[in-house]
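Colleague: I am new to this structure and would like a close look at a single part of it. Could you take me through the aromatic pairs, and then set them in their surroundings?

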Amino acid sequence: MYNFTKPLSPDLNPEAEFAYGAGQIDPVRAPYPGLVYDATELDYIEFLCAQGYSTKLLQSITGHKSSCSSKTNYGALSDHLNYPSFALSSLNSNSINGVFNRTATNVGSKRSTYKAKVIGATKGLEIKVNPSILSFSSLGQKLSFQVTVKGSIHHKSSVSASLVWDDGTFQVRSPIVVYAIY
């Protein structure tokens, strides 16, 4: 089974994924990830626009003639980057609610079926993946899914979990971090 990162323990570092990321990479298995999350240049530009960057600042950062329109609704900030990680902040640790839309690209086996498993979700925090099964029929095929996080983290400053897509050959792990801002 392929799993190209080794999760590290939040027990050893209270900052958890904020301190050590998704884990230690295994350079032998890294070239064979199974699934990837593509992100384009346009994704990054829309992410910056959604954060309120001006056209002038955007152009100075990107070096391109891109612009942010004040008339465009850029939607949820979390949907602009197709990242393999999920971070959700909340002002209230007793009322957590967030939705992430992602697209995975198959680079593993031509025909493969991945099942979603959520590992390490703390009591009181519900993490759902829809659909929970991704069935690919070709290499390069893209399938989308949604991760919904809701519940409470019971006055903790942050909690971590993982979404693992598993097809029996490849395990693709994505960290999920929920934190309260006090």
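Modeller: What follows looks at the aromatic pairs, then at a disulfide, and then at the chain as a whole. Please keep in mind throughout that this is a predicted model. The structure holds five aromatic pairs, and I will describe two of them with some care. In one of the five, the rings of tyrosine 44 and tyrosine 83 have centres 6.4 Å apart, which falls within the 6.5 Å limit for a pair, and because their planes stand at 65 degrees, over the 60 degrees required, the arrangement counts as edge-to-face. This pair links distant parts of the chain, since tyrosine 44 belongs to helix H2 (residues 41-50) while tyrosine 83 sits in the loop between helix H3 (55-62) and strand E4 (86-90), 39 residues apart. Tyrosine 44 is partly exposed, at a relative accessible area of 37%, and tyrosine 83 is partly exposed as well, at 35%.

Another pair joins phenylalanine 145 and tryptophan 165, again edge-to-face, with 5.0 Å from centre to centre and 70 degrees between the planes. Phenylalanine 145 lies in strand E9 (residues 142-151) and tryptophan 165 in strand E10 (residues 158-166), so this pair ties together parts that are 20 residues apart in sequence. Phenylalanine 145 has a relative accessible area of 3% and is therefore buried, the cut-off being under 20%, and tryptophan 165, at 0%, counts as buried too. These two residues belong with Tyr37 to one aromatic cluster.

Helix H2 also takes part in a disulfide, formed by cysteine 49 and cysteine 68 with their sulfur atoms 2.0 Å apart. Cysteine 49 lies in helix H2 and cysteine 68 in the loop between H3 and E4, so the bond ties together parts that are 19 residues apart in sequence. The torsion about the S-S bond is about -80 degrees, so this disulfide is left-handed. Cysteine 49 counts as buried at 6% relative accessibility, and cysteine 68 likewise at 16%.

As for the surroundings, the protein chain has three helices and eleven strands, and buried residues make up 34% of its 182 residues. Among contacts between residues at least 6 apart in sequence, 63% join residues at least 24 apart. The chain exposes about 10300 Å², of which carbon and sulfur atoms supply 53%.

Technical notes:
Residues are numbered from 1 along each chain as its sequence is written. This is a predicted model: local features need pLDDT of at least 70, side-chain atom pairs count only at pLDDT 80 or more; totals for chains, interfaces and linings use all residues. Side-chain values use heavy atoms; hydrogens and water are left out. Rings of Phe, Tyr and Trp (its six-membered ring) pair if their centres lie within 6.5 Å; planes under 30 degrees apart count as stacked, over 60 as edge-to-face and the rest as tilted. Helices (H or I, at least four residues) and strands (E, at least two) are DSSP runs, numbered from the N terminus. Buried means under 20% relative accessible area, exposed over 50%, partly exposed in between (1.4 Å probe, protein chains only). Contact means heavy atoms within 4.5 Å. Accessible areas come from the Shrake-Rupley method with a 1.4 Å probe; for residues, only the protein chains shown count as cover. A disulfide is a pair of cysteine sulfur atoms within 2.5 Å.
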